[in-house]
Amino acid sequence: DDQIEREQASQHLAGGCCALAAIYLMGKFYVANAGDSRAIIIRNGEIIPMSREFTPETERQRLQFLALLRPELLGKEFTHLEFPRRIRPKELGKKMLYRDQNMNGWAYKKIEEDDLKFPLIFGEGKKARMMATIGVTRGLGDHDLKVFSSNIHIKPFLSCFPEVRVYDLTQYEHCPDDVLVLGTDGLWDVTSDKEVASVVMEVLTSYEPNDPCRYTVVAQELVVRARGVLKERGWRLANDKLGSGDDISVFVIPLGGPGNYT
């Protein structure tokens with residue numbers, strides 16, 4: 001992240017990205033995630049999550065706590081409190097559900113002038129945004145990202161530190177159908193873990209266990225199915241729902257070789 005900042009200053013490059021990495025070291029897989037990509041292991045048909053997405057919703061309490069400690073980062077335009085919806089001026093003095101950095105559930109509070117500011121986190125699911133700007137809260141870069149038409153920097157709320165999960169390969173017997181799947185959010189926006197596992201098993205069973213191209217074909221099939229087919233109303237999935245409009249990158253990594261097949 002520091003290197004991107006240095007290069008940005010010298011080469012005038014803007015932007016940022018998420019990062020998902022898998023490292024094999026001494027019999028273990030270390031999966032590090034900073035962003036909203038996702039990794040799962042499929043072992044004997046079982047799904048084992050190896051990451052979790054970092055979004056304004058999943059990191060709400062961390063973001064609210066930072067905003068509470070450093071209110072100057074909000075630029076007098078945002079409130080660190082969360083409400084079920086935007087507060088209207090005519091609701092001043094009334095009671096409204098809210099939650100702060102210490103709360104998982106909701107409570108009531110009397111609406112004050114500061115509560116009319118735009119919430120630090122607003123929206124649900126893929127539409128959730130921090131400071132009405134960005135939908136992911138960990139990653140690399142974005143050092144110059146600001147709230148639209150303002151001088152409020154968003155970078156202080158973004159973390160480049162990944163969450164790391166460890167999977168010990170030596171604890172299990174793995175067959176060639178056991179894999180680690182890494183995918184960007186373009187895949188997971190329209191495809192569930194179970195659907196990915198289903199495609200993995202469907203494709204792998206149609207190839208010989210010692211055929212190395214079987215894993216590449218799985219990755220290609222996952223990308224194709226997530227994108228869908230171009231129709232008059234845009235890209236559509238097999239169920240006619242909207243296909244992914246995001247970038248889709250997929251890696252399928254085998255955990256066991258033909259010699260492990262039982």
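**A guided tour of the sheets and pockets**

Begin by selecting strand S2 and strand S3 (residues 28-34), which pair in the antiparallel sense over seven bridges. The model on display is predicted. Within this pair, label Leu-25 and Lys-28: Leu-25 stands opposite Lys-28, a residue of S3.

Next, extend the selection to strand S13. The three strands form an open sheet with antiparallel pairing, in the order S2-S3-S13. Its edges are strand S2 (19-25) and strand S13 (163-168), each of which pairs on one side only. With direction ignored, neighbouring strands of this sheet are turned by 15° against each other on average.

Move now to strand S7 (residues 95-98) and show its side chains. They alternate along the strand: Met-96 and Tyr-98 point to one face and are buried, whereas Lys-95 and Leu-97 point to the other face and are not buried. Add strand S8 (residues 107-110), which runs antiparallel to S7 and is joined to S7 by four bridges. Tyr-98 deserves a second label here, since its bridge partner in S8 is Ala-107.

The tour then turns to the pockets. Display the largest pocket, whose volume is about 600 Å³. To centre the view, select Cys-18, Asp-36, Ser-37, Thr-184 and Asp-185, the closest to the pocket centre of the 27 residues in the lining. Colour by element next: S2, strand S14 (179-183) and helix H3 (185-188) are the elements that give two or more residues to this lining. S2 thus returns from the opening stop, where it was an edge strand of the open sheet.

Colouring the lining of the largest pocket by residue class shows nine nonpolar, eight polar and ten charged residues. Colouring by domain is also informative: domain 1 (14-52 + 162-254) and domain 2 (59-157) each contribute at least three residues to the lining of this pocket.

Finally, display the second largest pocket, with a volume of about 260 Å³. Select its lining: Leu-187, Val-190, Thr-191, Glu-195, Val-199, Leu-222, Arg-225, Ala-226, Leu-237, Ala-238 and Asn-239. By class, this lining divides into seven nonpolar, two polar and two charged residues. Show helix H4 (193-204) and helix H5 (214-227) as well, each of which supplies at least two residues of the lining. Which helix gives the most to the lining of the second largest pocket? The helix to highlight is H5, with three residues.

Notes:
Residues numbered from 1 in each chain as written. Predicted model: local features only at pLDDT ≥ 70, side-chain atom pairs only at ≥ 80, totals over all residues. Heavy atoms only, no water. Pairing = 2+ DSSP bridges. Axes fitted to C-alpha atoms, helices over the stretch in contact; angles between N-to-C directions. Buried < 20%, exposed > 50% of the residue type's maximum accessible area, 1.4 Å probe, protein only. 1 Å grid on protein atoms, 1.4 Å probe; cavity = no way out; pocket = protein on both sides within 12 Å on 5 of 7 lines; lining within 4 Å. Points joined across faces, edges and corners; volume = space filled by probe spheres on them. Nonpolar A, V, L, I, M, F, W, Y, C, P; charged D, E, K, R; others polar. Domains from an automatic or database assignment.
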